[in-house]
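Subject: Structure for your review

Dear colleague,

Please find the structure below, together with its sequence. My findings follow it, and I would be grateful if you could read them alongside the coordinates.

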Amino acid sequence: MPVAKSELPFAETSAGPPAKPCPICGKPANLATRPFCSKRCADVDLHRWLGGVYTIPVADAEAENRDADKT
Ligand SMILES: [Zn+2]
């Protein structure tokens with residue numbers, strides 16, 4: 001079967017640039033998710049950009065509510 005390689009944006013795979021290591025975990029980067037090795041590492045980097053650190057809201061009030069809910 002003939003393949004229209006000319007239509008592919010990344011046709012020069014034979015002479016592509018060397019894969020850099022993932023900046024998050026240091027593993028070889030994946031072509032689909034580079035410069036990261038996986039989508040997970042891409043998400044980690046995204047969260048760093050968004051908030052710097054992970055901020056998980058604490059729902060202490062809800063726990064007290066459950067205790068006072070019983071009759
Ligand atoms: Zn990684």
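Where does Pro35 lie? Pro35 is part of the segment before α1. Please bear in mind throughout that this is a predicted model.

Overall composition

The protein contains two helices and zero strands. Of its 71 residues, 8% count as buried. The accessible surface amounts to about 6900 Å², and carbon and sulfur atoms contribute 58% of that area. Among the contacts with a separation of 6 or more, 5% are between residues 24 or more positions apart. The structure holds zero disulfides.

The zinc site

Which residues coordinate the zinc ion? The SG atoms of Cys22, Cys25, Cys37 and Cys41 do so, at 2.3 to 2.4 Å. Along the chain, these donors follow the spacing C-x2-C-x11-C-x3-C. Cys22 belongs to the segment before α1 (39-51), whereas Cys41 sits in helix α1, so this pair ties together parts that are 19 residues apart in sequence.

Why is the arrangement of the four donor atoms tetrahedral? The angles that they subtend around the zinc ion run from 99 to 118°, and a tetrahedral assignment requires all angles to lie between 85 and 135 degrees.

As to accessibility, Cys22 and Cys41 are both buried. For Cys22 the relative accessible area is 4%. Cys37 has a relative accessible area of 16% and is also buried, because the cut-off for that class is under 20%.

The segment before α1

The peptide bond that leads from Arg34 to Pro35 is cis, with omega near 10°. As general background, most peptide bonds are trans. You may therefore wish to look at this bond in the display, given that it is cis.

Thr33 is likewise found in the segment before α1. A polar atom of the Thr33 side chain lies 3.4 Å from the backbone nitrogen of Ser38. Leaving out residues up to four places away in sequence, Thr33 touches Ser38 and Lys39.

Is Lys20 buried or exposed? With a relative accessibility of 65%, Lys20 counts as exposed, and its place is in the segment before α1. When neighbours within four places in sequence are set aside, Lys20 is in contact with Lys27, Pro28, Ala29 and Pro35. Pro35, the residue at the end of the cis bond from Arg34, is thus one of the contacts of Lys20. The C-alpha atoms of Lys20 and Arg34 are separated by 8.3 Å, with the two residues 14 apart along the chain.

Helix α1

Besides Cys41, helix α1 includes Val44. Val44 counts as partly exposed, at 22% relative accessibility. Its C-alpha atom is separated by 7.7 Å from that of Ile24, a residue 20 positions away along the chain.

To summarise, the zinc ion is held by four cysteine SG atoms in a tetrahedral arrangement, and Cys22 and Cys41 tie the segment before α1 to helix α1. That segment also holds Thr33, Lys20 and Pro35.

With kind regards

How values were computed
Residues are numbered from 1 along each chain as its sequence is written. This is a predicted model: local features need pLDDT of at least 70, side-chain atom pairs count only at pLDDT 80 or more; totals for chains, interfaces and linings use all residues. Side-chain values use heavy atoms; hydrogens and water are left out. Donors are N, O and S atoms within 2.8 Å of the metal (3.2 Å for Na, K and Ca); water is not among the atoms, so sites may look incomplete. Four donors count as tetrahedral if all angles lie between 85 and 135 degrees; four count as square planar and six as octahedral if opposite donors are over 155 degrees apart and all others between 65 and 115; anything else is irregular. Helices (H or I, at least four residues) and strands (E, at least two) are DSSP runs, numbered from the N terminus. Buried means under 20% relative accessible area, exposed over 50%, partly exposed in between (1.4 Å probe, protein chains only). A polar contact is a pair of N or O atoms within 3.5 Å; within protein, one must be able to donate a hydrogen and the other to accept it, and residues adjacent in sequence count only if both atoms are side-chain atoms. Contact means heavy atoms within 4.5 Å. Accessible areas come from the Shrake-Rupley method with a 1.4 Å probe; for residues, only the protein chains shown count as cover. A disulfide is a pair of cysteine sulfur atoms within 2.5 Å.
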